[in-house]
Amino acid sequence: MKLERVFQNNEKWIKDKLSNDPEYFNDLGKGQKPELLFIGCSDSRVTSEELMGLGPGEVFVHRNIANMVTGTDLNVMSVVEYAVIHLKVKHVIVCGHYACGGVKAAMQSADLGILNPWLRNIRDVYRIHKTELNNIDDEEKKYDRLVELNVQEQCVNLIKTAAIQKASRERGLTVHGWVFDVNTGKLIDLKIDFENILKSIREIYHLD
Ligand SMILES: [Zn+2]
């Protein structure tokens, strides 16, 4: 890929935007008020705004390997705090995807250096759901299911934070778990039962 192409694309994009709306960039420069926080995988196929048909200013985005929400990761926790407390987003989405290299790596026993502690969080998801996963004989189906369960557990990790608990109590913020199917382009809502998870984990993780 020639990098010049990127700058040519950018010039064309500016022209397209201005031909639809001459004030487009003046408005964009005034600030942001996104209603969604999207936590997705860094995978080049999971393009957040594009796959949702949304544009600049509409989504606050964080992406990392395998869309993880780890309580000790200052990066993701800062994004959640800023989006929820300051930008006051209405929905927080964890979006995984089938054929996720990070999830696949966690199912194998290779030593991947600095990636080991990161992928260990996915192995923890496997351990929590070991009975269900070990009962799936088809390797591909098991892999797909781990992708879904990983999304679910990262939603649980979000619900453990004070920012999410407070915003859900005070202004009805909700957490959603989605999976992007890279084979069909379809976005699937896993319909995670936010209210019930919140109730069931409150006993241990409740923060005032
Ligand atoms: Zn991935």
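Which residues coordinate the zinc ion, and through which atoms? Some notes on that and on the rest of the fold follow.

1. First, a reminder that we are looking at a predicted model. The zinc ion is held by Cys41 through SG, His97 through NE2 and Cys100 through SG, at 2.1 to 2.3 Å. Read along the chain, the donors of the zinc ion give the spacing C-x55-H-x2-C. Cys41 sits in strand β1 (residues 36-41), while Cys100 is in the loop between β3 (91-97) and α5 (101-106), so this pair ties together parts that are 59 residues apart in sequence. Before reading anything into the list of donors, bear in mind that water is not among the atoms, so sites may look incomplete.

2. Are the two zinc-binding cysteines buried or exposed? Cys41 comes out as buried, with a relative accessible area of 5%. Cys100 is buried too, with a relative accessible area of 1%. Both values fall in the buried class because the cut-off for that is under 20%.

3. On to the sheet. Five strands make up an open sheet, and the order to trace on screen is β2-β1-β3-β4-β5, with mixed pairing. At the edges you'll find β2 (59-64) and β5 (187-189), each of which pairs on one side only. On average, neighbouring strands of this sheet are turned by 25° against each other, if you ignore direction.

4. How do β1 and β3 pair? They run in the parallel sense, with five bridges between them. If you want a register check, take Phe38: its bridge partner in β3 is Ile93. These strands also bear on the metal site, since Cys41 lies in β1 and Cys100 lies in the loop between β3 and α5.

5. Now the largest pocket, which holds about 240 Å³ of space. Its lining consists of 17 residues, and those nearest the centre are Val69, Asn121, Gln154, Asn157 and Lys160. Both α6 (115-128) and α8 (139-159) contribute at least two residues each to that lining. By character, the lining residues split into seven nonpolar, seven polar and three charged.

6. One last spot to look at is Asp137, in the loop between α7 (130-134) and α8. Asp137 is exposed, with a relative accessible area of 72%; it lands in that class because the cut-off for exposed is over 50%. If you want a long span to orient yourself, pair Asp137 with Arg202: the two are 65 residues apart in sequence and 34 Å apart in space, C-alpha to C-alpha.

How values were computed
Residues numbered from 1 in each chain as written. Predicted model: local features only at pLDDT ≥ 70, side-chain atom pairs only at ≥ 80, totals over all residues. Heavy atoms only, no water. 1 Å grid on protein atoms, 1.4 Å probe; cavity = no way out; pocket = protein on both sides within 12 Å on 5 of 7 lines; lining within 4 Å. Points joined across faces, edges and corners; volume = space filled by probe spheres on them. Helix = DSSP H or I, 4+ residues; strand = E, 2+ residues; numbered from the N terminus. Nonpolar A, V, L, I, M, F, W, Y, C, P; charged D, E, K, R; others polar. Donors = N, O, S within 2.8 Å, 3.2 Å for Na, K, Ca; no water. Buried < 20%, exposed > 50% of the residue type's maximum accessible area, 1.4 Å probe, protein only. Pairing = 2+ DSSP bridges. Axes fitted to C-alpha atoms, helices over the stretch in contact; angles between N-to-C directions.
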